[in-house]
Amino acid sequence: MVEATDFGSIEWLENGSFGRHEYDSLVRDMLAVPGADTGTPLVAVSRSGVDHGLPLAARWGPDDLPAAWQA
């Protein structure tokens with residue numbers, strides 16, 4: 001479950017997954033959000049998947065969204 005203190009990114013790319021470039025942008029931008037710090041859990045939602053090995057607290061794809069919407 002995502003907590004109110006998690007910080008995330010939605011990338012609805014058709015031709016590429018959420019990768020290192022998107023992750024690095026997420027980390028950089030997260031530090032500008034009041035209350036966020038280097039210990040804030042990071043999450044990603046991506047249409048075309050998420051690259052393996054990225055230190056994310058959670059990751060979701062299009063098939064996961066209907067269940068989250070109903071919750």
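This report walks through the sheet, the helix, the nonpolar core and the salt bridges of the structure above.

The model is predicted, so local features need pLDDT of at least 70 and side-chain atom pairs count only at pLDDT 80 or more, while totals for chains, interfaces and linings use all residues. Residues are numbered from 1 along each chain as its sequence is written, and side-chain values use heavy atoms, with hydrogens and water left out.

## The sheet

Let us start with the strands. Helices (H or I, at least four residues) and strands (E, at least two) are DSSP runs, numbered from the N terminus. Two strands count as paired if DSSP finds at least two bridges between them. With these terms, three strands form an open sheet in the order S1-S2-S3, and the pairing is parallel. Strand S1 (7–11) and strand S3 (58–60) are the edge strands, each pairing on one side only. From one strand to the next, the twist averages 10°. Angles here run from 0 to 180 degrees between N-to-C directions, and axes are lines fitted to C-alpha atoms, for helices over the stretch in contact.

S1 and strand S2 (residues 42–46) run parallel and are joined by five bridges. One of the residues involved is Glu11, whose bridge partner in S2 is Ser46. As a reminder, strands of a sheet pair through backbone hydrogen bonds, either parallel or antiparallel.

How enclosed is S2 by the rest of the structure? Five of the five residues of S2 are buried, so this strand is largely enclosed. Buried means under 20% relative accessible area, exposed means over 50%, and partly exposed lies in between (1.4 Å probe, protein chains only). Both faces of S2 are covered, with Leu42, Ala44 and Ser46 buried on one side and Val43 and Val45 buried on the other. In a regular strand the side chains alternate between the two faces of the sheet.

## The helix on the sheet

Helix H1 (residues 20–30) lies across S1 and S2 and runs at about 140° to S1. Its buried residues are Glu22, Tyr23, Ser25, Leu26 and Met30. They sit on the same side of H1, because they cover an arc of only 160° around the axis; the arc is that of the directions from the helix axis to the C-beta atoms. The buried residues of H1 pack against S1 and S2, where contact means heavy atoms within 4.5 Å. Turned away from that buried side is a face of H1 carrying the exposed residues His21 and Arg28.

## The nonpolar core

A nonpolar core is a set of buried Ala, Val, Leu, Ile, Met, Phe, Trp, Tyr and Cys residues joined through side-chain atoms within 4.5 Å. The largest one has 11 residues: Phe7, Phe18, Tyr23, Leu26, Met30, Ala36, Leu42, Ala44, Val50, Leu54 and Leu56. H1 and S2 are the elements that give two or more residues to this core, and H1 provides the largest share, three residues. For a closer look at one member, take Val50: neighbours within four places in sequence aside, Val50 is in contact with Ser17, Phe18, Ala44, Leu56 and Arg59.

## Salt bridges

A salt bridge here is a side-chain nitrogen of Lys or Arg within 4 Å of a carboxyl oxygen of Asp or Glu. This rule gives three salt bridges, set out below.

| Salt bridge | N to O distance |
|---|---|
| Arg47 and Glu14 | 3.5 Å |
| Arg20 and Asp24 | 3.6 Å |
| Arg28 and Asp29 | 3.3 Å |

What does the pair of Arg47 and Glu14 tie together? Arg47 lies in the loop between S2 and S3 and Glu14 in the loop between S1 and H1, so their salt bridge links parts that are 33 residues apart in sequence. Arg47 is partly exposed at 38% relative accessible area, whereas Glu14 is exposed at 60%.

Asp24 and Arg20 both belong to helix H1, four residues apart, which is about one turn of the helix. Asp24 is partly exposed, with a relative accessible area of 38%, and Arg20 is partly exposed too, at 44%. In the remaining pair, Arg28 counts as exposed at 55% relative accessibility and Asp29 as partly exposed at 40%.

## A loop residue

Finally, Thr38 is located in the loop between H1 and S2. Thr38 is exposed, with 75% relative accessibility. Its C-alpha atom is separated by 24 Å from that of Gly49, and the two residues are 11 residues apart along the chain.
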